[in-house]
Each structure stands twice: as C-alpha cells, then as structure tokens.
Amino acid sequence: MITQEQLPMVGIASMNDTHLEEMLIINRLETAVTQKDIEVVSKTLQELIEHTTLHFCDEEKMMEGSLFPELKTHKGEHDRHLHELHSIATYFKEHQDTHALSAYIHGNLIPWFLHHIDTMDTVTAAYLQDAAE
C-alpha cells in the first residue's frame, strides 16, 4: 500500500489531487489482488487505466499550453507506462494471475509512480508555476 506520506507533493494542487486519487486506486487494486477477487481486480485495473489516461492527458495539455521544453520526453514516459498498463490488463484478463499482478504492482507500478512524481512531475510543476507568473 502507498501511504499519503510516501506520495511526493508537487507545486500544483490539482496535480497533487490527481496523484492522490491515483494512489487510492492503486491501493484498491492491491487489496483486490491480495484477496484474489478477480472481478474487483478487473474492474479496478480498468478504472486505473481510465484514470491514468485522463491524468496524463490533462498533464500533457498543461505542458503544451506552457511550451514545456521536455514535453516529448515526459509524454514518451506517459505513453510507455500506459502501454505497460494495457499489456498487464490484457495478460490478467487472459490468465487471471494475481501473483503476476502483485509482482507488477510492487516491482513496477508503485516504484514507477512514486519516482515519476518525484522526478518528472516535480520538474514539470515547477516549470508550469514559473510560466504562470
């Protein structure tokens, strides 16, 4: 489980709110996986994909609007992560393997999420703040 204290805060409140929402979805997914609740896992994976897609779209619009110089790099990481999420969801749909999904959550998803916020999103939020002034 990700705790709110682990969640890096960036300089834009709306981004923090979105990250918090995503953290809660990831935690619900982890709980469903631990309980081996296949139906809830499937629904929560879909919810995570939908939330992440909207999250990234909103962030990319802000970056485009401010002419963020690292937009291509940041968007590339978003695209890679979404592709990975879709692949994991497809694998889960076919195999219903909660062990593999648990390994993904702990080995990839949570570390990536926290690192991405702490690095790329922190830099992006600082740039967006400066551009707004």
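1. S14 is partly exposed, with a relative accessible area of 41%, and its place is in helix α1. In this predicted model, the C-alpha atoms of S14 and E59 are separated by 9.8 Å, although the two residues are 45 residues apart along the chain. Residue E59 appears again below, among the α2 residues that meet α4 and among the neighbours of H19.

2. Helix α1, which runs over residues 13-34, also holds H19. Is H19 buried or exposed? H19 is buried, because its relative accessible area is 0%, and buried means under 20%. Leaving aside residues up to four places away in sequence, H19 touches L7, H55, E59, F113, I117 and D121.

3. How do α1 and α4 lie with respect to each other? The two helices pack at an angle of about 175 degrees, and their axes are 11 Å apart. They are therefore roughly antiparallel to each other, since angles over 145 degrees are counted in that way. On the α1 side the contact involves M15, H19, E22, M23, I26, L29, E30 and V33, and these meet T98, L101, S102, I105, H106, L109, I110, F113, I117, D121, A125 and L128 in α4. Sorted by class, this contact of α1 with α4 has 13 nonpolar, four polar and three charged residues.

4. The axes of α2 and α4 come within 13 Å and cross at roughly 15 degrees, which makes α2 roughly parallel to α4, because angles under 35 degrees count as roughly parallel. The crossing in which α2 passes α4 is left-handed. From α2 the contact draws on I38, V41, L45, L48, H55, F56, E59, M62 and M63, while α4 brings T98, L101, L109, W112, H116, D121, T124 and L128. The residues of this contact of α2 with α4 divide into eleven nonpolar, four polar and two charged.

5. Helix α3 (residues 71-95) packs with helix α4 (residues 98-132) at an angle of about 165 degrees, and the axes of the pair are 12 Å apart. That angle makes α3 roughly antiparallel to α4, and α3 passes α4 in a left-handed crossing. The residues of α3 that make the contact are T73, H74, E77, H78, R80, H81, E84, L85, I88, Y91 and F92, and those of α4 are T98, A100, L101, Y104, N108, L109, W112, H116, M120, D121 and T124. By class, the contact of α3 with α4 has ten nonpolar, eight polar and four charged residues.

6. A related point concerns the nonpolar core. In soluble globular proteins, nonpolar side chains tend to be buried together. Here the largest nonpolar core has 31 residues, and the ones with the most contacts inside it are L29, V41, L101, L109 and F113. The elements that give two or more residues to this core are α1, α2 (38-65), α3 and α4. Which helix gives the most to this core? That helix is α4, with eleven residues. V41, one of the residues with the most contacts inside the core, touches L29, A32, V33, F92 and L101, when residues up to four places away in sequence are not counted.

7. The loops between the helices deserve a separate look. Q35 has its place in the loop between α1 and α2, and at 58% relative accessibility Q35 counts as exposed. Where the chain is followed from Q35 to T98, the two are 63 residues apart in sequence, yet their C-alpha atoms are 9.1 Å apart in space. T98 is also among the α4 residues met by α1.

8. Two further loop residues are worth checking for their backbone angles. L67 lies in the loop between α2 and α3, and its phi is near 60 degrees, a positive value in a residue other than glycine. L67 is exposed, with a relative accessible area of 70%. Q96 lies in the loop between α3 and α4, and Q96 has a positive phi of about 50 degrees although it is not a glycine. Is Q96 partly exposed or buried? With a relative accessible area of 46%, Q96 is partly exposed.

Terms used: Residues are numbered from 1 along each chain as its sequence is written. This is a predicted model: local features need pLDDT of at least 70, side-chain atom pairs count only at pLDDT 80 or more; totals for chains, interfaces and linings use all residues. Side-chain values use heavy atoms; hydrogens and water are left out. Axes are lines fitted to C-alpha atoms, for helices over the stretch in contact, and angles run from 0 to 180 degrees between N-to-C directions. Helices (H or I, at least four residues) and strands (E, at least two) are DSSP runs, numbered from the N terminus. Angles under 35 degrees count as roughly parallel, over 145 as roughly antiparallel, 65 to 115 as roughly perpendicular and the rest as oblique. A crossing is left-handed if the near helix is turned anticlockwise from the far one by less than a right angle, and right-handed if clockwise. Contact means heavy atoms within 4.5 Å. Ala, Val, Leu, Ile, Met, Phe, Trp, Tyr, Cys and Pro count as nonpolar, Asp, Glu, Lys and Arg as charged, and the others, Gly among them, as polar. Buried means under 20% relative accessible area, exposed over 50%, partly exposed in between (1.4 Å probe, protein chains only). A nonpolar core is a set of buried Ala, Val, Leu, Ile, Met, Phe, Trp, Tyr and Cys residues joined through side-chain atoms within 4.5 Å.
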